[in-house]
Amino acid sequence: TSIRGLSVVSNSVAWVSGSNGWIGRSADGGKNWKWWQPKGYEKFDFRDIEGFSEKRAIVVNAGSPAVILVTEDGGNNWKEVYRNNSPAIFLDGMDFWDETTGLIYGDPIDGRMQLLKTSDGGSSWSDISDNLSVPLIEGEASFAASGTAIRTMKGGHCWIATGGKQSRLFFSRDYGKTWAAFACPIVQGENSTGPFSIAFFSSTEGVAVGGDYVRDTVRTNNFVRTIDGGKSWKSAEIPPFGYRSAVEYLTESDLIATGTSGVDVSDDGGATWRHLSDEGYHAVRKAKRGELVLLAGSNGRISVYKK
């Protein structure tokens, strides 16, 4: 399986999801994994997963039909709580503000980004796409590369990055009720270019990473950082070493980024980057409650990062 969904709950509990319907969970910090292929979903590509505990997780797939599955018993049983059979539907990722309130976003339909919101822990989902009235241009969409082109933060803040023909950052400060759009000066203009991942340390301090996934060693304009919530951006002095599909804050100064051509780290808030490994991954996440950092990628590969 090609793993793109990754959620690290604590120093012991982590969830992953990927192609061919596979979902995995570890309860011992990534040393051992239990795997499921939910019946009827063997051909689905589960691009993002959100874990809340050893028992509860939510998974979403990319492509049509779009489905959302929930488990309450550690992965042994999965309940379908949402399905959209529209040929145009393509969900990209999700994030949660807390245990009950979360948002899933998807590529535009008729120029409108698709937004689904839950207020009951994922049991039901409401279409709030009309809240984002800013139209996306032809060829502007997002990438379901690691589930991290959407980020939420306590207090109702949410950021969503788009790429392709045009790169932008959409921002809400009220749980998705109203939105603003900012230009994101990362490489753009082709269907394979743009920001693939964003991360925020605070409501003002954040980063965006990406590039061109068909030329994954090119470093040109593949990283930018902001200190005003995405309104303005600054490039790195030494950028990451190629296309990167995921970036994560470990501390305010320490970051890690990964993509198909390797792993890079920064110890100065993203101003300069150092190449750590040529081994490529799709996703990297730090524990919500703890210090565990995992990377996941193609061929079912999962690794632990230790500084």
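**Aromatic contacts and the strands around strand 27**

In this predicted model, Phe196 is buried, with a relative accessible area of 2%. The ring of Phe196 pairs with that of Tyr213: the two centres are 6.1 Å apart and the planes stand at 80°, so the arrangement is edge-to-face. An angle over 60 degrees is what places a pair in that class. The contact links distant parts of the chain, since Phe196 belongs to strand 18 (residues 193-200), while Tyr213 is found in the loop between strand 19 (206-212) and strand 20 (223-226). The two residues are 17 residues apart. Tyr213 has a relative accessibility of 44% and therefore counts as partly exposed, whereas Phe196 is buried. Both residues also belong to a cluster, in which ring pairs link Phe143, Phe196, Tyr213 and Tyr243.

Across the whole structure, a search finds 17 aromatic pairs. One of these pairs is formed by Trp33 and Trp35, whose ring centres lie 6.3 Å apart with the planes at 35°, so this pair is tilted. The angle of 35° is not under 30 degrees, as a stacked pair would require, nor over 60 degrees, as an edge-to-face pair would require. Trp35 is partly exposed, because its relative accessibility of 33% falls between the limits of 20% for buried and 50% for exposed residues.

Aromatic rings also meet charged groups. Arg219 is placed over the face of Phe241, at 3.9 Å from the ring centre. In a second case, the charged end of Arg301 sits over the ring of Tyr281, 4.6 Å from its centre.

Strand 27 (residues 293-296) is covered on both faces. Val293 and Leu295 lie on one side, Leu294 and Ala296 lie on the other, and all of them are buried. In a regular strand, side chains alternate between the two faces of the sheet.

Strand 27 pairs with strand 26 and with strand 28. With strand 26 (residues 283-286), the pairing is antiparallel and runs over four bridges. Within this pairing, Ala283 stands opposite Ala296 of strand 27. Strand 26 and strand 27 form a hairpin with six residues between them, and Gly290 in its turn has a positive phi of about 145°. Strand 27 and strand 28 (residues 302-304) also run antiparallel, joined by three bridges. Here the bridge partner of Leu295 is Ser303 in strand 28. A hairpin is formed by strand 27 and strand 28 as well, with five residues between them; in this turn, Asn299 has a positive phi of about 55°.

Notes. Residues are numbered from 1 along each chain as its sequence is written. This is a predicted model: local features need pLDDT of at least 70, side-chain atom pairs count only at pLDDT 80 or more; totals for chains, interfaces and linings use all residues. Side-chain values use heavy atoms; hydrogens and water are left out. Rings of Phe, Tyr and Trp (its six-membered ring) pair if their centres lie within 6.5 Å; planes under 30 degrees apart count as stacked, over 60 as edge-to-face and the rest as tilted. Buried means under 20% relative accessible area, exposed over 50%, partly exposed in between (1.4 Å probe, protein chains only). A charge sits over a ring if NZ of Lys or CZ of Arg is within 6 Å of the ring centre and within 35 degrees of the ring normal. Two strands pair if DSSP finds at least two bridges between them.
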